[in-house]
Amino acid sequence: MTEASIEQILVRAQERWSLLDVVVIHRVGELQPEDQIVLVIVASTHRADAFAACEFVMDLLKTQAVFWKKETSGEESTWIESTLEDINRSQDWQE
């Protein structure tokens, strides 16, 4: 489910901008604070397309990609959901 949802985001980016390639690497499993989680690489002949597509992909990863995130502190844990700011940013991309 996660890979399919990321692929849908990448297809949308490629349909919207003139891109040569888009790659997303997203870590899974237990991570420590300050660990690098996601890498988005966008190649385009025009830098404006590359920057816009990268921002689009990052914003949609936060709200539309299927991830289950749980923050653990000692014995307690909390499921993490998209913030209002994340939701607002992704809505800015609606056509």
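This is a guided tour of a single predicted chain, taken in the order in which a viewer might select its parts.

**The whole chain**

Begin with the entire chain shown as a cartoon, and keep in mind throughout that the model is predicted. The secondary structure comes to 3 helices and 4 strands, and if you trace the chain from the N terminus on, the elements run in the order α-β-β-α-β-β-α. Turning the view along the principal axes, you will find that the C-alpha trace spans about 50 × 25 × 25 Å. Of the 95 residues in the chain, buried residues make up 26%. Among the contacts in the chain with a separation of 6 or more, 53% are accounted for by residues 24 or more positions apart.

Next, colour the chain by pLDDT, the predictor's confidence in each residue. The mean over the chain is 88, and 99% of the residues reach 70 or more. Confidence is highest in strand β2, at a mean of 95, and lowest in strand β3 (residues 69-73), where the mean is 79. Where pLDDT is low, the predicted coordinates should not be read in detail.

**The nonpolar core**

Now select Trp17, Phe56, Val57 and Leu61, which touch the most other members of the largest nonpolar core, a set of 19 residues. Helix α1 (2-16), strands β1 and β2, and helix α2 (47-63) each supply at least two residues of this core, and α2 gives the most to it, with 7 residues. In soluble globular proteins, nonpolar side chains tend to be buried together.

To follow one of these members outward, centre the view on Val57 and show what lies around it. Leaving out residues up to four places away in sequence, Val57 touches Ile9, Leu10, Ala13, Val22, Val24 and Val40.

**Along helix α1**

Move to helix α1 and select Ser5, which has its place there. Is Ser5 buried or exposed? Its relative accessible area is 7%, and because buried means under 20%, Ser5 counts as buried. When residues up to four places away in sequence are not counted, Ser5 touches Gln64, Ala65 and Val66.

Stay in helix α1 and select Gln14, which also lies in this helix. With a relative accessibility of 38%, Gln14 counts as partly exposed. Beyond its neighbours within four places in sequence, Gln14 is in contact with Leu19 and Val22. A distance drawn between the C-alpha atoms of Gln14 and Ala53 should read 8.0 Å, although the two residues are 39 residues apart in sequence.

**Helix α2 and a buried aspartate**

Select Asp59 next, in helix α2. Asp59 has a relative accessible area of 9% and is buried. Which residues surround Asp59, once its neighbours within four places in sequence are left aside? They are Arg89, Ser90 and Trp93, with each of which Asp59 is in contact.

**The loop between β1 and β2**

Now go to the loop between β1 (21-26) and β2 (38-43), where Arg27 is found. At 39% relative accessibility, Arg27 counts as partly exposed. Not counting residues up to four places away in sequence, Arg27 touches Asp35, Gln36 and Ile37. Show the side chain of Arg27 together with the backbone of Gln36, and you can find a polar atom of that side chain 3.0 Å from the backbone oxygen of Gln36. From Arg27 to Leu39, which is 12 residues away along the chain, the C-alpha separation is 8.9 Å.

Glu34 is found in this loop between β1 and β2 as well, and with a relative accessible area of 77% Glu34 is exposed. Its backbone also deserves a look, since phi of Glu34 is near 80 degrees, a positive value in a residue other than glycine. Most residues other than glycine have a negative phi.

**The largest pocket**

Finish by showing the surface and selecting Leu31, Ile37, Lys69, Lys70 and Ile80, which lie nearest the centre of the largest pocket among the 29 residues that line it. The volume of this pocket is about 1000 Å³. Helix α2 and strand β3 each supply at least two residues of its lining, and β3 should be viewed with some care here, as it is the element of the chain in which confidence is lowest.

How values were computed. Residues are numbered from 1 along each chain as its sequence is written. Side-chain values use heavy atoms; hydrogens and water are left out. Buried means under 20% relative accessible area, exposed over 50%, partly exposed in between (1.4 Å probe, protein chains only). Contact means heavy atoms within 4.5 Å. A polar contact is a pair of N or O atoms within 3.5 Å; within protein, one must be able to donate a hydrogen and the other to accept it, and residues adjacent in sequence count only if both atoms are side-chain atoms. A nonpolar core is a set of buried Ala, Val, Leu, Ile, Met, Phe, Trp, Tyr and Cys residues joined through side-chain atoms within 4.5 Å. pLDDT is the predictor's confidence in each residue, from 0 to 100. On a 1 Å grid over the protein atoms alone, a cavity is a set of points where a 1.4 Å probe fits but cannot get out, and a pocket is an open set with protein on both sides within 12 Å along at least five of seven lines; lining residues have an atom within 4 Å of a point. Grid points are joined across faces, edges and corners, and a volume is the space filled by probe spheres set on the points.
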